[in-house]
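Colleague: I should be grateful for a close look at one part of this model, together with the surroundings into which that part is built.

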Amino acid sequence: MPASKGDVIPNTTFSYIPWSPELESGKACGVPTTFQSHDRWKGKKVVIVSIPGAFTPVCHVHHIPGFMAKQKELKSKGVDEIVVIAANDAFVMSAWGVNQGGKDDLVFASDVDAKFSQGLGATLDLSAKGMGTRTARYALIVDDLKVVDLSIDEGELSQSSAEAVLSKL
């Protein structure tokens, strides 16, 4: 069962590569680092956007570009951080973040083994497509570690779009 409003989010380790100008050329990979969700997001309003996979059609062409375009509007509504997560490794997420133009504006992080998403009840089994367990397509609004809204898309992109998140802030 998916997490509900008021639930405390899972305390999970994420892996990511902080953006730096050296990554822009594609000739450097960066060094992965980790953070704990409770340590990083305590006292903050965070939008976490989960996708089944970096460079996949809906995620790459429609979902994340919407958040790139609306990041200033989201932050003007009090959002401290926008984090894009997937079960992809930190190197893939970093490369995708560079490709999307994320720089320091969005954090592209690995939900290692989809643990965070499992704790929310928001994973997909894409084994039949050769992709294994993945993070579902969802948007999560968190305020001081508590779920404000969890919107999971089970088909087309609608509930977890940047516009949908803005309407809930």
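Modeller: The account below begins with the chain as a whole and then turns to helix α3, its flanking loop and some other selected sites.

The model is a predicted one. The chain has five helices and nine strands, and their order along the sequence is β-β-α-β-α-β-α-β-α-β-β-β-β-α. For 169 residues, a compact globule would have a radius of gyration near 15 Å, and the value of 15 Å for the chain agrees with this. The C-alpha trace spans about 45 × 40 × 30 Å along its principal axes. Of the 169 residues, 47% are buried. Where contacts join residues at least 6 apart in sequence, 65% of them link residues at least 24 apart. The accessible surface amounts to about 8100 Å², and carbon and sulfur atoms account for 50% of that surface. As for charge, there are 17 positive and 20 negative side chains, with the centres of the two sets 3 Å apart.

Helix α3 covers residues 90–100, and its buried residues are A90, M93, S94, W96, G97, V98 and Q100. At the start of the helix, a side-chain oxygen of D89 comes to within 2.9 Å of the backbone nitrogen of F91. At the other end, α3 is followed by G101, which has a positive phi near 80 degrees.

Within this helix, M93 deserves separate attention. M93 has a relative accessible area of 0% and is therefore buried, the cut-off being under 20%. Beyond its neighbours up to four places away in sequence, M93 touches A54, V84, I85, A86, N88, F108, A109 and S110. Strand β4 is made up of residues 81–86, and V84, I85 and A86 are among the residues that M93 touches. Strand β5 runs over 107–110, and F108, A109 and S110 are likewise among the contacts of M93. By way of contrast in sequence and space, M93 and Q36 are 57 residues apart along the chain, with a C-alpha to C-alpha distance of 17 Å.

The loop ahead of the helix holds N88, which is placed between β4 and α3. With a relative accessibility of 14%, N88 also counts as buried, because the value is under 20%. The side chain of N88 reaches the backbone nitrogen of A54 at 2.8 Å. Apart from neighbours within four places in sequence, N88 is in contact with G53, A54, M93, S110 and R134. A54 thus appears in the contact list of N88 and also in that of M93; S110 likewise appears in the list of N88 and in that of M93.

I85 leads on to another buried site, since I85 is touched by M93 and is also among the contacts of S50. S50 belongs to strand β3, residues 45–50, and is buried because its relative accessibility is 0%. The side chain of S50 makes two polar approaches: to the side chain of T135 at 3.2 Å, and to the backbone oxygen of A136 at 2.7 Å. Residues up to four places away being set aside, S50 touches H63, I85, S117, T135, A136, R137 and Y138.

S117 provides a link to the region of α4, which covers 115–120. The loop between β5 and α4 contains D113 and A114. D113 has a positive phi near 55 degrees although it is not a glycine, and the phi of A114, also a residue other than glycine, is positive and near 55 degrees. Most residues other than glycine have a negative phi. The two loop residues are set apart by their exposure: D113 counts as exposed at 57% relative accessibility, whereas A114 counts as buried at 1%.

On the other side of β4 in sequence, K77 lies in the loop between α2, residues 57–76, and β4. At 42% relative accessibility, K77 counts as partly exposed. K77 touches K45, L166 and L169, residues up to four places away in sequence not being counted. The C-alpha atoms of K77 and P21 are separated by 28 Å, and the two residues are 56 apart along the chain.

Key:
Residues are numbered from 1 along each chain as its sequence is written. This is a predicted model: local features need pLDDT of at least 70, side-chain atom pairs count only at pLDDT 80 or more; totals for chains, interfaces and linings use all residues. Side-chain values use heavy atoms; hydrogens and water are left out. Helices (H or I, at least four residues) and strands (E, at least two) are DSSP runs, numbered from the N terminus. Buried means under 20% relative accessible area, exposed over 50%, partly exposed in between (1.4 Å probe, protein chains only). A polar contact is a pair of N or O atoms within 3.5 Å; within protein, one must be able to donate a hydrogen and the other to accept it, and residues adjacent in sequence count only if both atoms are side-chain atoms. Contact means heavy atoms within 4.5 Å. The radius of gyration is taken over C-alpha atoms; the globule rule is 2.2 Å times the number of residues to the power 0.38. Accessible areas come from the Shrake-Rupley method with a 1.4 Å probe; for residues, only the protein chains shown count as cover. Lys and Arg count as positive and Asp and Glu as negative; His and the chain ends are not counted. The place of a charge is taken as NZ of Lys, CZ of Arg, CG of Asp or CD of Glu.
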